[in-house]
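Trainee: I would like a close look at one part of this protein: the salt bridges that tie the chain together. Please set them in their surroundings as you go.

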Amino acid sequence: MFTNRVLSGMRPTGRLHLGHYHGVLKNWIKLQHEYECFFFVADWHALTTHYDEPATIERHVWDMVIDWLGAGIDPAQATLFIQSHVPEHAELHLLLSMITPLGWLERVPTYRDQQEKLAEKDLSTYGFLGYPLLQSADILIYRANRVPVGEDQVPHIEFSREIARRFNHVFGREPGFELKAEAAVKKLGARRARLYRQLRTKYLEQGDAEALAAARALLEETQNLTLGDRERLFGYIEGGGKVILAEPQALLTEASKMPGLDGQKMSKSYNNTISLREEAESVAKKIRTMPTDPARVKRSDPGDPEKCPVWQLHLVYSDEERKEWVQQGCRSAGIGCLECKQPVIDAVLAEQRPIRERVQEYLDDPTLVKSIIADGCEKARRIAQETLRDVREVMGLNYG
Ligand code: TRP
Ligand code: SF4
């Protein structure tokens with residue numbers, strides 16, 4: 001039950017750019033070696049805001065998955081799937097909606113922010129209000145406890161924790177829970193029971209996380225408990241009833257510092273991106289035409305790298321020696337801007353080379369991607385169905 005499972009999703013926005021690569025994908029690639037990872041395409045989430053664009057969604061889904069694979073997400077390490085292919089997410093969303101106070105949803109900061117930002121769209125819909133709850137279902141259905149997200153998504157993870165807590169509180173409480181839990185404590189044997197009680201008190205009175213971990217470890221190594229008693233005792237450490245849905249934690253991804261072609265953050269909405277599989281010629285052209293320090297009108301005018309977006313790219317791609325060369329050469333007009341840009345062009349192309357090669361393999365054989373996703377969906381579904389079985393049961397829905 002207390003696994004180290006990582007889950008994250010991305011809305012299908014189509015081809016990804018270097019900002020996604022440096023900001024998100026490199027982190028996922030690292031995590032896939034450290035944890036059991038699930039990464040999915042949040043296509044229903046895309047529909048909450050782009051319900052009027054059904055023609056593009058499919059292409060965006062596959063383009064994005066191919067970019068994940070091209071970037072180095074390894075289907076042998078991580079499970080990749082599409083949200084709408086695991087319909088269990090929708091059932092959990094519906095069931096959770098029964099206990100979700102409207103006020104909680106209205107208070108999520110992204111609700112009003114996004115409505116204002118996308119003012120041209122009518123977002124006073126039921127689906128859009130429910131965005132964070134659908135996200136909670138995505139997470140809770142895998143009992144994932146680590147969710148790598150950017151800062152903007154942290155309120156959604158906190159919301160998911162509150163929903164999990166409320167769910168456990170409402171449905172984890174069987175009649176006579178305390179009595180049953182106390183009886184289960186006795187079954188631990190005198191020595192273990194004493195230790196369990198001490199650790200529980202320490203956790204409940206002082207919030208001591210080590211005591212919580214120790215009490216859980218004690219239960220893990222206790223063999224002779226029934227499944228029901230085990231779950232009761234796990235829940236009882238924390239005071240409440242059974243823990244049916246695990247509370248997730250955000251694994252904060254550092255904000256991407258990847259600058260775009262104009263020095264602002266790289267983003268599709270600023271039209272300053274280099275895509276992950278941008279053609280070499282186009283990369284070179286985009287960088288060659290980047291604006292530089294406006295003080296350098298003529299080749300002989302000295303400049304200041306701090307006022308130049310190209311310098312921002314050197315910070316990402318260049319070693320100390322190269323950076324020193326830029327600083328010196330720019331301030332003394334010893335180098336020209338095109339000369340300064342060339343190493344950046346070379347570095348971006350070198351970074352993209354293995355990505356472009358892998359992407360090509362997947363483009364050459366589309367069945368490969370389809371079967372990776374089919375396998376991922378199947379694996380995800382099995383876990384989702386297990387959780388849903390438990391959820392249905394505690395909600396009184398397990399009749400045939
Ligand atoms: N809302 C997330 C975003 O916009 C995408 C997402 C949907 C997600 N479901 C999720 C992220 C579950 C993490 C976990 O980036
Ligand atoms: Fe920018 Fe380099 Fe030109 Fe200086 S030399 S202005 S850092 S491109």
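Mentor: The model is a predicted one, and its protein chain has 18 helices and five strands. The C-alpha trace spans about 85 × 45 × 40 Å along its principal axes. Of the 400 residues in the protein chain, 48% are buried. When contacts between residues at least 6 apart in sequence are taken, 76% of them join residues at least 24 apart. Salt bridges are one kind of link to follow through this fold, and the structure holds 21 of them.

Start with R277 and D67. These two residues form a salt bridge in which the closest N and O atoms are 2.7 Å apart. The pair links distant parts of the chain: R277 is in the loop between β5 (249–252) and α14 (280–288), D67 is in helix α3 (residues 57–71), and the two positions lie 210 residues apart in sequence numbering. R277 has a relative accessibility of 8%, so it counts as buried. D67 is buried as well, with a relative accessible area of 0%. The cut-off for that word is under 20% relative accessible area. The bridge also belongs to a network of salt bridges, in which D63, D67 and R277 are linked.

A second bridge joins R381 to E88, with the closest N and O atoms 3.1 Å apart. This pair too links distant parts of the chain, with R381 in helix α18 (residues 366–394), E88 in helix α4 (residues 88–97), and the two 293 residues apart. The partners fall into separate accessibility classes. R381 counts as partly exposed because its relative accessibility is 32%, whereas E88, at 8%, counts as buried.

Helix α18 also holds a bridge of a local kind. E378 forms a salt bridge with R382, and the closest N and O atoms of that pair are 3.6 Å apart. The two residues are four apart in helix α18, so about one helical turn separates them.

Now look at what else touches this helix. T387 is found in helix α18 and is buried, with a relative accessible area of 2%. Setting aside neighbours within four places in sequence, T387 is in contact with L140, I141, R143 and L245. One of these, R143, is in the loop between α8 (131–140) and β4 (146–149). R143 is buried, at a relative accessible area of 14%. The backbone of R143 deserves a check, as its phi is near 45°, a positive value in a residue other than glycine. Most residues other than glycine have a negative phi.

F81 offers another view of the surroundings. F81 lies in strand β3 (residues 78–82) and is buried, with a relative accessible area of 0%. Apart from neighbours within four places in sequence, the contacts of F81 include L7, F38, F39, F40, V41, V86, H89 and Y142, and also I373, G376, C377 and A380. The C-alpha atoms of F81 and G9 are separated by 9.4 Å, although the two residues are 72 apart along the chain. A comparable spacing is given for E34 and Q77, which are 43 residues apart in sequence and 9.6 Å apart in space, C-alpha to C-alpha. E34 is in helix α1 (residues 18–34) and is partly exposed, with a relative accessible area of 48%.

Elsewhere in the chain there is a ligand site. The space taken by ligand 2 is the largest cavity. The elements that give two or more residues to the shell around this ligand are α16 (320–331) and α17 (337–364). The residues around ligand 2 are T292, D293, R296, C308, V310, V326, C330, C337 and C340. By class, that shell has six nonpolar, one polar and two charged residues.

The loop between α16 and α17 contains A333. A333 is buried, with a relative accessible area of 13%, and its phi is near 55°, a positive value in a residue other than glycine.

To return to the request: two of the bridges, R277 with D67 and R381 with E88, link distant parts of the chain, while E378 and R382 sit within helix α18.

Terms used: Residues numbered from 1 in each chain as written. Chains lettered and ligands numbered in written order. Predicted model: local features only at pLDDT ≥ 70, side-chain atom pairs only at ≥ 80, totals over all residues. Heavy atoms only, no water. Near = heavy atom within 4 Å. 1 Å grid on protein atoms, 1.4 Å probe; cavity = no way out; pocket = protein on both sides within 12 Å on 5 of 7 lines; lining within 4 Å. Sits in = over half its atoms within 2 Å of the grid points. Nonpolar A, V, L, I, M, F, W, Y, C, P; charged D, E, K, R; others polar. Salt bridge = Lys/Arg side-chain N within 4 Å of Asp/Glu carboxyl O. Buried < 20%, exposed > 50% of the residue type's maximum accessible area, 1.4 Å probe, protein only. Contact = heavy atoms within 4.5 Å.
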